[in-house]
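Ready for some practice with a protein model? Take a look at the structure, then work through the exercises step by step.

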Amino acid sequence: MILNGKVAGNDALRAAVARQRAAGHRIEVRVTWEKGDARRFVSEPDTVDLVVAAGGDGTLNEVLHGLMELSGATRPILGIVPLGTANDFATGCGIPHDPAKALALCIRGEAVPIDIGKANDHWFINAASSGFGAEITATTSPELKRLLGLAAYTVMGAILATNVRHYQGRLTLPDYEISGTGPMAIVGNGRQAGGGVQVAPRARIDDGLLDILAVRDIPASGLFTAARELQELSPDGEYISYWQTPWAEVCTEEAIPVNLDGEPQRFSKVRYEAVPRAIRLIAPPNCPLLSATVK
């Protein structure tokens with residue numbers, strides 16, 4: 001278990017670990033101290049069957065990067081105990097937020113192969129966003145997240161909405177291209193981001209595809225049209241379009257913020273790709289993000 005040091009004092013998790021150890025399961029807990037620890041712990045040459053990411057989306061993303069540094073043959077199964085602020089991927093998968101139930105699922109659940117996303121040389125398991133959506137999370141300080149919880153995203157979004165920067169850019173898909181002011185693009189492997197916002201409602205984590213939600217510059221006169229398009233999720237929207245694709249490229253005239261599973265980056269060109277069946281995840285029965293139900 002790789003445990004984010006910020007939540008190392010979680011009594012419910014401590015009790016859950018003790019209970020599973022008493023039942024005969026061998027669990028080694030490694031606590032992170034600084035950024036990069038989780039990735040390094042996964043890459044250490046220990047032979048383990050299961051790596052449990054205990055923390056938020058950032059911890060999960062670091063663990064994912066560590067897993068992808070290992071060969072497919074030696075890559076352990078991934079389990080998740082959600083202990084962060086948003087826990088978007090775990091929530092979308094239906095993984096329990098109760099530490100005891102989540103840990104029990106990790107130990108007794110079934111592992112299924114799932115896709116992950118790649119953004120240039122970086123990995124993401126849940127979602128990537130470029131443009132305005134990325135700025136919201138990148139500007140939200142850890143202190144504000146801790147004080148306001150999930151509301152931090154909404155509050156910061158409302159503040160930034162009064163001074164949105166628009167970027168000149170181009171979005172390229174296998175058989176389509178759009179350009180102009182914007183476009184803000186959200187790339188989903190999972191379905192939700194920003195603390196529960198459904199940004200890719202048709203996404204599956206085992207279909208070999210990424211879901212792209214692109215938002216162009218919306219004038220005041222186009223708000224009603226954009227609202228309708230957000231419900232329809234068509235690839236032909238005037239302001240909001242939605243595609244399912246194995247890859248997409250976003251190019252902008254200047255480097256813009258790109259958010260990968262809550263971790264801020266900056267790119268002027270980024271290629272997103274779906275990497276099918278890259279890792280094995282312990283998923284709950286009837287996981288809504290799987291095409292086939294886990295037995």
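**Exercise 1.** Is Asn87 buried or exposed?

*Solution.* Keep in mind that this is a predicted model. Start with the relative accessible area of Asn87, which is 6%. Next, recall the cut-off: buried means under 20%. Asn87 is therefore buried, since 6% falls under 20%.

**Exercise 2.** Find where Asn87 sits, and say what is notable about its phi.

*Solution.* First, locate the residue: Asn87 belongs to the loop between strand 4 (77-82) and helix 4 (88-93). Then read its phi, which is positive at about 55°, although Asn87 is not a glycine. Here is the background: most residues other than glycine have a negative phi.

**Exercise 3.** Now describe Leu233 by its place, its phi and its burial.

*Solution.* Begin with the place: Leu233 is found in the loop between helix 9 (223-232) and strand 14 (240-245). Its phi is near 50°, again a positive value in a residue other than glycine. Finally, Leu233 has a relative accessible area of 8%, so it is buried.

**Exercise 4.** How many disulfides does the model contain?

*Solution.* Remember what to look for: a disulfide is a covalent bond between the sulfur atoms of two cysteines. The test is a pair of cysteine sulfur atoms within 2.5 Å. Try Cys93: its closest cysteine sulfur is in Cys287, 4.3 Å away, so the two are too far apart for a bond. By this rule, the count for the model is zero disulfides.

**Exercise 5.** Which burial class fits Cys93, and which fits Cys251?

*Solution.* Cys93 has 1% relative accessibility, so it counts as buried. For Cys251 the relative accessible area is 12%, and this cysteine is buried too.

Notes. Residues numbered from 1 in each chain as written. Predicted model: local features only at pLDDT ≥ 70, side-chain atom pairs only at ≥ 80, totals over all residues. Heavy atoms only, no water. Helix = DSSP H or I, 4+ residues; strand = E, 2+ residues; numbered from the N terminus. Buried < 20%, exposed > 50% of the residue type's maximum accessible area, 1.4 Å probe, protein only.
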